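Student: I have a new model to go through. Can we take it piece by piece, in questions and answers?

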Amino acid sequence: MKRALFAGLVFLTAISFLSLGAPDYTIVPWPYGAVVWIGAPSQDAQTMVDYAIRAVQNVFRFWGIHPPSPAANWAHPVQTSSQAWYRGTMEQIQSPSVPITDFIGRDYSLIRGTPVPEPGSDELLILPAPSWEREKIPPLIIGAYPDRESMNAACGDYSFIGTYGPPLSFRALMLEKPTGPSASLIPILASGSDIILPRTDDWRSILDHEIAHWLTSLVCRYEGTDFGSLPPVMAEGIADYTAYSLSGAGRRWENVAAAWVQAGGKLDSVPPPLWYDVGTSVVDYLVERKGKDVLLYSLPEFAADWARQAAAITPGWRASLHNEKLTDGDRALYEATLERLDLCAWMLDPVLPPEAQALLDKLYTGKGAPSDIDAFWKLISTAPPPPSHDAWARLARREDTFRIVQYRDGDRNGERMARARVEINLRKYREGGDWQGYYHWFITGLRKVIAAWGDTKGG
Ligand SMILES: [Zn+2]
């Protein structure tokens, strides 16, 4: 009883804390929860909602399982003040007619709906829970940002192009220096089950990928395991395999995975930049050999002892890639992926020379050569003329990403030291207005922290 009361109080504190900013967003209910448009909804907002509904059907059918069922009143969620919501929750907790077992160990939002604060008011929109396999599940909230810059800036993290799940609050708690939630994150943080994406050209495949994570986490929950315990290479592999299959894209991941195998790479120690391509190839291999249902049933085993499972999968999986003939373009793509050149370029976006972008376009379409990677680094190693105040401010907002990437990768070979010097020096030269010094340390950060996996391999 005490425990339930405590949870209620914590909840109220969270809501009032979150209502402090003056956020600008629009909440649009969709059958599985809500789409939250950061800023005004774009002109083709309905296009994204329609696509998302179809994507849920397609992703679930692709894996041979029933999609979740929307709640009856999904289109007209209850609107109430946060005070009334809190009072109602307390009454329900204290009511003798409601068994306390309804609350202990269960998510309130499944019983009473998920509250999402309305912008600039004390009102809440209560999203009813959809259900799946006869159980209520948290609604899915999709946060749609106008572009990648605003999304990454709001999250204080420039390393991602889309996310699923509640990693933001986790990240804020775990980082040594939390950047603090921005007002535009309010609706996102209010839910336990979310997707965030920007309205860039590739939003459809990002959405397919993130919805596949939603499916995976529901299956994990159903089978009594935790999505967060899955080996990341498998979680990302399932998501990318789904998105590639649904879009009918080519099998470029196969060449990257083959390059990893032919370089002697192991399945239980895949570096983060290769999780997606190597993961896709493992999932493709397992689906071909055992079928989609067996793969989904195996998730608890993957979560429980990945080293053992990986050892069992390795011989056959390796053999399937060993004879793959790799071109120069494939090897260059592999190196570029390992060095995360796409992220390096995005970090430098405010001052990136167009020639460097052209090199990346070549590399990531498999038309590059290993010499293009050296050419990329050579191009960006010379500081461009001092940028505008605005461009420098955009670079400065990216500084925390060095720490975030370092943190997520784990501390290898004393790189954390390099990162610490990067942060200290970036701040020093920024505050002193020394562009040459600042740029030098920014590139050092890209090489030592972001591109670390490719860098250490080369010695
Ligand atoms: Zn993912």
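**A bend, some strands and some loops**

Tutor: Helix 14 bends by about 45° at T314, and a proline, P315, follows within four residues. The bend at a residue is the angle between axes fitted to the seven residues ending there and the seven starting there. Helices are DSSP runs of H or I with at least four residues, strands are E runs of at least two, and both are numbered from the N terminus. This is a predicted model: local features need pLDDT of at least 70, side-chain atom pairs count only at pLDDT 80 or more, and totals for chains, interfaces and linings use all residues. Residues are numbered from 1 along each chain as its sequence is written.

Student: What span is expected for helix 14 at 1.5 Å a residue?

Tutor: Helix 14 covers residues 306-322, which is 17 residues. The expected span is 1.5 Å times one less than the number of residues. From first C-alpha to last, helix 14 reaches 22 Å, close to the expected 24 Å.

Student: How many helices and strands does the protein chain have?

Tutor: The protein chain has 459 residues, and 38% of them are buried. Buried means 20 or more other C-beta atoms within 10 Å of the residue's own; exposed means 12 or fewer; partly exposed lies in between, with C-beta atoms placed from the backbone. The count is 23 helices and 10 strands.

Student: Is strand 8 mostly covered or mostly open, and which residues lie on its two sides?

Tutor: Strand 8 spans residues 140-145 and is mostly covered, with six of its six residues buried. In a regular strand the side chains alternate between the two faces of the sheet. Here both faces are covered: one side has L140, I142 and A144, and the other has I141, G143 and Y145.

Student: Which residues stand opposite A144 in strand 2 and strand 10?

Tutor: Strands pair if DSSP finds at least two bridges between them. Strand 8 pairs in the parallel sense with strand 2 (residues 33-38) over five bridges. Five bridges also join strand 8 to strand 10 (residues 194-198), again parallel. The partner of A144 is W37 on the strand 2 side, and on the strand 10 side it is L197.

Student: Which strands are the edges of the sheet with the order 3-5-4?

Tutor: This open sheet has three strands with antiparallel pairing. Each edge strand pairs on one side only; the edges are strand 3 (78-81) and strand 4 (114-117).

Student: Which residue of strand 5 stands opposite T114?

Tutor: Strand 4 and strand 5 (residues 123-127) run antiparallel, joined by four bridges. Opposite T114 stands L127.

Student: Is R134 buried or exposed?

Tutor: R134 sits in the loop between strand 6 and strand 7. Its phi is positive, about 65°, although it is not a glycine. Most residues other than glycine have a negative phi. With 6 other C-beta atoms within 10 Å, R134 is exposed.

Student: How many other C-beta atoms lie within 10 Å of E133?

Tutor: E133 is in the loop between strand 6 (131-132) and strand 7 (135-136). E133 also has a positive phi, about 50°, and is not a glycine. E133 is partly exposed, because its count is 13.

Student: Why does W260 count as buried, and which residues does it touch?

Tutor: W260 belongs to helix 10 (residues 252-262). W260 counts as buried because it has 22 C-beta neighbours inside 10 Å. Contact means C-beta atoms, placed from the backbone, within 7 Å. Leaving out residues up to four places away in sequence, W260 touches G265, L274 and V278.

Student: Which helices help cover the buried residues of helix 20?

Tutor: Helix 20 runs over residues 399-409, and its buried residues include F402, I404 and V405. Just after helix 20, G410 takes a positive phi of about 90°. The cover includes helix 16 (341-347), helix 19 (389-397), helix 21 (415-431) and helix 22 (435-450).

Student: At what angle do the axes of helix 15 and helix 18 cross?

Tutor: Two packed helices are described by the angle between their axes and the distance between the axes. D328, R331, A332, E335 and A336 in helix 15 meet P370, D372 and I373 in helix 18. Axes are lines fitted to C-alpha atoms, for helices over the stretch in contact, and angles run from 0 to 180 degrees between N-to-C directions. The axes of helix 15 (residues 328-338) and helix 18 (residues 370-381) come within 7 Å and cross at roughly 40°.

Terms used:
Two residues are in contact if their C-beta atoms, placed from the backbone, lie within 7 Å.
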